[in-house]
Amino acid sequence: MAYEVLVLDVDGTLMRTDKTISQKTIDAIVDVQKEGIKVAIASGRSMAGILATARSIRLDEFGGYIVSFNGGCISNCRTGEIVFNTNLPDGIVKEIYEFSKREKTGIMTYHMDDIIAENDTDPYIQIDAKGCGIKIRVVEDFGKEVVYPVNKCLLTGDPPYMAGIEKKAAKEFEGRLSVYRSEDFYVEMMPLGIDKAYGLSRLLKRLGYTRSQMICCGDGFNDISMIEYAGLGVAMANAGGQVKQCADYIAPHCDDDGLVDVIGKFLR
């Protein structure tokens with residue numbers, strides 16, 4: 001069966017380590033869209049943090065999709081239509097905040113086009129803000145002020161420490177939230193059952209395709225679900241060993257136009 005859907009993570013997959021996309025990669029992605037392949041970006045980033053990148057590979061022109069918040073929201077890049085959206089359960093943000101204070105981690109979420117946090121000096125919150133090109137809106141008391149619906153919260157901290165936080169948070173919120181790392185320094189606090197694979201299953205139903213017709217490419221912990229779910233799961237050479245173990249194919253490094261290799265081998 002021919003592949004009809006190409007799904008791309010952003011950081012470390014579509015983007016090189018310097019946070020740029022090579023023209024060779026852009027051209028290859030545009031060419032397959034011209035041939036009728038549907039392209040989607042699937043990222044832990046907010047929709048606002050993905051939009052410019054999506055437009056750079058012309059998803060808006062070809063009607064591609066943005067799967068943001070690790071599968072928590074799906075939108076049509078051409079029309080802006082929200083195809084699917086889910087939020088954290090009512091009242092749980094305060095519990096997540098109390099957990100973060102007790103465990104001495106940073107915490108952030110997203111609202112409208114901004115990052116919401118209690119400070120703008122946390123280096124890991126700054127990484128997301130700078131990488132996505134969105135601003136940090138500082139609030140005095142996160143637990144009291146974030147009372148509106150949000151797709152997820154992120155806990156932040158130094159990588160060795162966050163490995164333990166992931167385990168503690170998974171135990172604390174077992175049966176109520178999905179908890180996993182997207183980067184060594186981020187722990188994702190997600191609605192129960194939501195990950196990239198789930199979001200893409202919703203997208204495939206809309207498009208009328210099956211998982212066997214989909215290629216998913218990624219490099220991070222949060223890409224494992226979609227790599228395992230896809231008909232062809234691709235890990236970049238710069239991915240960690242755990243990610244590579246789940247993949248059907250290892251593409252060259254993101255700095256070496258790994259996606260061009262995937263497109264050449266499997267979509268042409």
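## Starting at Arg45

Where is the place of Arg45? Look in the loop between strand E2 (38-42) and helix H2 (47-56). Before going further, please keep in mind that this is a predicted model.

Is Arg45 buried or exposed? Its relative accessibility is 4%, so Arg45 counts as buried, given that the cut-off for buried is under 20%. A polar atom of the Arg45 side chain lies 3.3 Å from the backbone oxygen of Gly131. Gly131 also appears among the residues in contact with Arg45 once neighbours within four places in sequence are left aside. The others in that list are Val10, Asp11, Met15, Ile50, Thr53, Ser68, Phe69 and Cys132.

## The sheet

Now step back to the strands. Eight of them form an open sheet, and following it across you meet E5-E4-E3-E2-E1-E12-E13-E14. The pairing in this sheet is mixed. Strand E5 (82-85) and strand E14 (249-251) stand at the edges; each has a single partner strand, so one side of each is left without a neighbour in the sheet. From one strand to the next, the twist averages 20 degrees.

For a closer look at one pair, try strand E12 (residues 214-218) and strand E13 (residues 232-236), which run parallel and are joined by four bridges. Here you can find Gly218 standing opposite Ala235 in E13.

## A helix on the sheet

Which strands does helix H11 touch? Helix H11 (residues 258-266) packs on the sheet and touches strand E1 (5-8), E12, E13 and E14. The direction of H11 makes about 135 degrees with that of E14.

## Two residues with positive phi

Some backbone angles are worth a visit too. Most residues other than glycine have a negative phi. Against that background, two loop residues deserve a look.

One is Asp257, which is not a glycine and yet has a positive phi of about 55 degrees. You will find Asp257 in the loop between E14 and H11. With 18% relative accessibility, Asp257 counts as buried, because the cut-off is under 20%.

Another is Lys104, whose phi is near 60 degrees, again a positive value in a residue other than glycine. Lys104 lies in the loop between helix H4 (92-103) and strand E6 (106-111). Is Lys104 buried or exposed? Its relative accessibility is 71%, so Lys104 counts as exposed, the cut-off for exposed being over 50%.

Notes: Residues numbered from 1 in each chain as written. Predicted model: local features only at pLDDT ≥ 70, side-chain atom pairs only at ≥ 80, totals over all residues. Heavy atoms only, no water. Pairing = 2+ DSSP bridges. Axes fitted to C-alpha atoms, helices over the stretch in contact; angles between N-to-C directions. Contact = heavy atoms within 4.5 Å. Buried < 20%, exposed > 50% of the residue type's maximum accessible area, 1.4 Å probe, protein only. Polar contact = N/O pair within 3.5 Å; in protein donor to acceptor, adjacent residues only side chain to side chain.
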